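Colleague: I have a model open on my screen and would like a close look at one part of it. Could you walk me through it at an unhurried pace?

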Amino acid sequence: MFSLDTAASPPPDPRQALARADALCQERGVRLTELRRRVLEILWNSPTPLGAYAILDVLREDGRTGAPPTVYRALEFLLEQGLIHRLTSQSMFTGCRQPGSRHDGQFLICQDCGQVDELNNPAIEELLRAEAAAREFEALAQRVEVLGRCPDCRRGAIDHAA
Ligand SMILES: [Zn+2]
Ligand SMILES: [Zn+2]
């Protein structure tokens, strides 16, 4: 049966998220280089998902002269390690809230403020895989993005109406 996690998952503290990434990379024997770590930190410090060029802008503010390919390589690494997700509908990146387990995740994207909440419900992934398999389609990755309005923006809209 489905288990529903009704509470929105609070985004972890950026320092916690980075410490978790350090531990995971060490466990796996892969290198979270300074640049990769900084890119992850930039994503966690942002209240909304960021595109590669916005990340590049912050790196330039740091005084780095990073070319776009270096940022893309860092993002590629973070994606491979499951530390971030790519939101395809907007070509943006966001930190993964449960980086220890491999998953595609499902995303609630607020169209008003751009905030993203991540669901990680294996039942949804399984159901989609089964539906695809029933059509003899081999599912390699899933991108489930739900567009709408977050609790904060809904409250704001109600307050304005009152
Ligand atoms: Zn995730
Ligand atoms: Zn919102």
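Which side chain does D117 meet in a salt bridge? Please take me through the surroundings too.

Modeller: Happy to. One thing to keep in mind is that this is a predicted model. The partner of D117 is R97, and the salt bridge between their side chains has an N to O distance of 3.1 Å.

To place that pair, start with the domains. The chain is assigned domain 1, covering 11–99, and domain 2, covering 103–162. Their C-alpha centres are 21 Å apart. Across the boundary, 14 residues of domain 1 are in contact with 14 residues of domain 2. Together the two domains bury about 1100 Å², and carbon and sulfur atoms contribute 51% of that area. On the domain 1 side, H85, L87 and R97 provide 40% of the area buried against domain 2, more than any other three residues. So R97 appears twice in this story, because it also forms the salt bridge with D117, and the count of salt bridges between the two domains is one.

H85 leads us to a metal. The zinc ion (ligand 1) is held by H85 through NE2, C96 through SG, H103 through NE2 and E118 through OE, at 1.9 to 2.2 Å. Along the chain these donors are spaced H-x10-C-x6-H-x14-E. Because H85 sits in strand 1 (residues 84–87) and E118 in strand 4, this pair ties together parts of the chain 33 residues apart in sequence. H85 is buried, as its relative accessible area is 8%, and E118 is buried too, at 5%. As for geometry, the angles among the four donor atoms run from 96 to 137°, and the site is irregular. The reason is the upper end of that range: four donors count as tetrahedral only if all angles lie between 85 and 135 degrees.

Now compare the other metal site. The zinc ion (ligand 2) is coordinated at 2.3 Å by the SG atoms of C110, C113, C150 and C153. Here the donor atoms subtend angles of 106 to 114°, so the arrangement is tetrahedral. For reference, the ideal angle for four tetrahedral donors is 109.5 degrees. In sequence the spacing reads C-x2-C-x36-C-x2-C. Within this set, C113 and C153 link distant parts of the chain: C113 is in the loop between strand 3 (106–110) and strand 4 (116–119), while C153 is in helix 6 (residues 151–161), 40 residues away. C113 counts as partly exposed because its relative accessibility is 31%, whereas C153, at 17%, is buried.

Two spots elsewhere in the chain round off the tour. L32 lies in the loop between helix 1 (14–28) and helix 2 (34–45), and its relative accessibility of 16% makes L32 buried. Leaving aside residues up to four places away in sequence, L32 touches A21, D22, C25, R37, F77, L78 and L83. Of these, L78 is 46 residues from L32 in sequence, with 8.7 Å between their C-alpha atoms. The other spot is E136, in the loop between helix 5 (122–134) and strand 5 (144–148). E136 has a positive phi of about 55° although it is not a glycine, and its relative accessible area of 78% makes E136 exposed.

Key:
Residues numbered from 1 in each chain as written. Chains lettered and ligands numbered in written order. Predicted model: local features only at pLDDT ≥ 70, side-chain atom pairs only at ≥ 80, totals over all residues. Heavy atoms only, no water. Donors = N, O, S within 2.8 Å, 3.2 Å for Na, K, Ca; no water. Tetrahedral: all angles 85-135°; square planar, octahedral: opposite > 155°, others 65-115°. Helix = DSSP H or I, 4+ residues; strand = E, 2+ residues; numbered from the N terminus. Buried < 20%, exposed > 50% of the residue type's maximum accessible area, 1.4 Å probe, protein only. Domains from an automatic or database assignment. Contact = heavy atoms within 4.5 Å. Buried area = accessible area lost by both parts, 1.4 Å probe. Salt bridge = Lys/Arg side-chain N within 4 Å of Asp/Glu carboxyl O.
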